[in-house]
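Welcome to a short tour of this structure. Please take a look at the sequence and the model, and then we will walk through a few places together.

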Amino acid sequence: MSTDLAVAYASGGELTAGLEAADWWTDRAVAAAGIPVRDVPFVTVGGGIGSFVTVDYLRIAGMQKSSIRVLTNLDRPWQTYEYLTRVSQIPRTARIRSDSASRPDNIWGFPSYALQEAVRDRTLAPLWQVLLEPLFTDFYTPRLGTVLDGVEREAGRIGYWDMVVPGEVRMVRRRVGGGYFTVLTPRPGTSSAKRVAVRSRDVHLAVGYPGLKFLPELQQFRLAHRDFTHVVNAYEDHEHVYAALRSRPGTVLVRGGGIVASRILERLMADRARYGLQTRIVHLLRTYVDGSHGPHAWSRRRGGHGFAYQGFNYPKSVWGGQLKARMRHLDGEQRASAYAEMGGTTTAFRRGWQRQLAEGRRGGWYRTMTGTIEQVRRPDGGPMFVRVRAEEGPVEVAADFVIDCTGLDADVTEHRVLDDLLRHGGAGLNPLGRLDVERTFELRGTASGDGRLYVSGAAALGGYFPGVDTFLGLQIAAQEITDDLARRGMCNRIGTARSLVQWLKCVTGREI
Ligand SMILES: Cc1cc2nc3c(=O)[nH]c(=O)nc-3n(C[C@H](O)[C@H](O)[C@H](O)COP(=O)(O)OP(=O)(O)OC[C@H]3O[C@@H](n4cnc5c(N)ncnc54)[C@H](O)[C@@H]3O)c2cc1C
């Protein structure tokens, strides 16, 4: 943890009404409010995977540790990611969704995870899998533990911990004369200052998702009955559901057809087999996919038994092929319809999952329904009754638990800092309703003198680069940001010689 921001000020001021209302702040107004100011050339807000890969690029491009500060409410960059993967049933030993070369700990993606695993475990199997995927075998994907261990190692190598300043960012405002003030409420116990204003030339934001997303009908039930036990989101801790099913038989309604639903089904079915349970599963899908689908022959997507199948959350060429090039030239309506065409809910086709589902269908304890939830009621503390508007008309399903796999809330106006940028920072929305970024990931309309504000991750989805909320996507964004900063003289360009030298340092674990 960086101590310079945390202990430099014995007392701190408060935001005044004048500061809150002003789109541009002067040094004098901040000083008058008694808010201590600290100068750092580059600030990244969030401190998750997006901040980490951006800092990794900048350090490789030669930016000094003293020029970078990571303002974050996390202890470790992988903390939110690990929490969300764990509760949605990806333990450290399980394999994640992205491929062998998507390495957040290595900007070159080489050696890949498959090669690393082959060498470590002295087996050719991972390499064969990469060679034969996806036609003869499932896509190779790394284990979660391998990914997180790698990020931890790289964090140590680039001196990440020295750049971290713990706290909650309240707002980013443009500064008269250029650059920005990022207002931080330091984590209790790390500073006696109430607020600190970090004055920087450039700011990067990667703040992830503002919260969980619930279907309104499910949220209504939870709030009306104060029942957060029987209706749960897959992205919240819900181990009690599996524990209850081990003690007595029950019916679970799983809602959603994406990869998270696949993980939840895998867990329910694995527990059923392992403990000899009698769990019944009703799988509710809004749209039932019964075969290959898509508007053009070249872009048809495989599907069946209700699911749409795709290895990754977008077609692979989004990260480096024709789709990446095509999307860079689309704006407005055209971009929105391109997103609609390639987007949608998909899951990976995995042979193990197919076997489990087939067994459930044969045994009659797993069935799918198509429709939408209209109401949930729970009379007398017994089982819940979920009214579903199905194709054949309204149907009531008795269930002991509902697991909602709808996902995470991506509404940028729900995030305090992003909403503030829309109100006071000159930011606007893109055709998908998220933040409107340039091809360089600069947030349009927010330039401040010679300073720039960049955004990557979920908040920037809908821009010229669809894969932005993935490891590789966050790295591609980081590369664009680093190139832009290099053009503006803030760091070196990562040319061939630098790349080669830095790659050697990375693979040999030499600190920079
Ligand atoms: C379950 C799951 C599985 C995924 N699997 C894959 C995969 O296999 N492969 C892949 O490529 N991608 C995957 N992704 C997508 C993506 O790579 C991750 O979501 C990634 O963690 C996003 O990084 P981020 O920095 O944008 O967000 P995060 O890692 O969430 O970090 C942002 C953090 O910023 C902090 N923050 C927010 N506001 C403030 C504030 N005001 N002040 C201080 N701190 C703040 C929060 O703690 C927040 O968590 C997965 C995502 C999920 C949810």
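Let us begin with the outward side of a helix: on the other side of α13 from its buried residues, Glu333, Gln334 and Ala340 are exposed. Keep in mind as you look around that this is a predicted model.

Which residues of α13 are buried? In this helix, which spans residues 332-342, they are Arg335, Ala336, Ala338, Tyr339 and Met342. Viewed along the axis of α13, these buried residues stay within an arc of 160 degrees, so they line one face of the helix. Part of the cover over them comes from α12 (322-327). Just past the end of α13 you will find Gly344, whose phi is positive, at about 95 degrees.

Helix α6 can be read in a similar way. Covering residues 113-121, α6 has Tyr113, Ala114, Glu117 and Ala118 as buried residues. Looking down the axis of α6, you would see its buried residues fall within an arc of 135 degrees, so they line one face of the helix. Among the elements that cover them are α7 and α8 (144-157). Right after α6 comes Arg122, with a positive phi of about 50 degrees.

From there we can step over to α7, which runs over residues 125-132 and includes Leu132. Is Leu132 buried, exposed or partly exposed? Leu132 counts as partly exposed because its relative accessibility is 33%, and the partly exposed class lies between 20% and 50%. For a sense of distance, the C-alpha atom of Leu132 is 31 Å from that of Trp78, and the two residues are 54 places apart along the chain.

Now for the ligand. It has 29 residues around it, and those that come nearest are Gly50, Asn73, Thr80, Ser98 and Phe471. By type, the shell divides into 13 nonpolar, 13 polar and three charged residues. Here are some polar atom pairs between protein and ligand:

| Residue | Protein atom | Ligand atom | Distance |
|---|---|---|---|
| Gly46 | polar backbone atom | oxygen | 3.1 Å |
| Arg97 | backbone N or O | oxygen | 3.0 Å |
| Ser98 | side-chain N or O | nitrogen | 2.8 Å |

How much of the ligand does the protein bury? On its own the ligand exposes 970 Å², and the protein buries 88% of that. The elements that give two or more residues to the shell are α4 (49-60), α5 (79-87), β5 (164-175) and α16 (471-487). Of the contributors, α5 gives the most, with four residues.

Two loop residues complete the tour. Arg488 sits in the loop between α16 and α17 (496-507). Its side chain makes a polar contact of 2.9 Å with the side chain of Tyr454. Setting aside residues up to four places away in sequence, Arg488 touches Arg201, Asp202, Asp450, Gly451, Arg452 and Tyr454.

The other loop residue is Ser67, found between α4 and β4 (68-72). Why does Ser67 count as buried? Its relative accessible area is 17%, and buried means under 20%. Apart from neighbours within four places in sequence, Ser67 is in contact with Val40, Pro41 and Phe42.

Technical notes
Residues are numbered from 1 along each chain as its sequence is written. This is a predicted model: local features need pLDDT of at least 70, side-chain atom pairs count only at pLDDT 80 or more; totals for chains, interfaces and linings use all residues. Side-chain values use heavy atoms; hydrogens and water are left out. Buried means under 20% relative accessible area, exposed over 50%, partly exposed in between (1.4 Å probe, protein chains only). A residue is near a molecule or strand if one of its heavy atoms lies within 4 Å of it. A polar contact is a pair of N or O atoms within 3.5 Å; within protein, one must be able to donate a hydrogen and the other to accept it, and residues adjacent in sequence count only if both atoms are side-chain atoms. Accessible areas come from the Shrake-Rupley method with a 1.4 Å probe; for residues, only the protein chains shown count as cover. Ala, Val, Leu, Ile, Met, Phe, Trp, Tyr, Cys and Pro count as nonpolar, Asp, Glu, Lys and Arg as charged, and the others, Gly among them, as polar. The arc is that of the directions from the helix axis to the C-beta atoms. Contact means heavy atoms within 4.5 Å.
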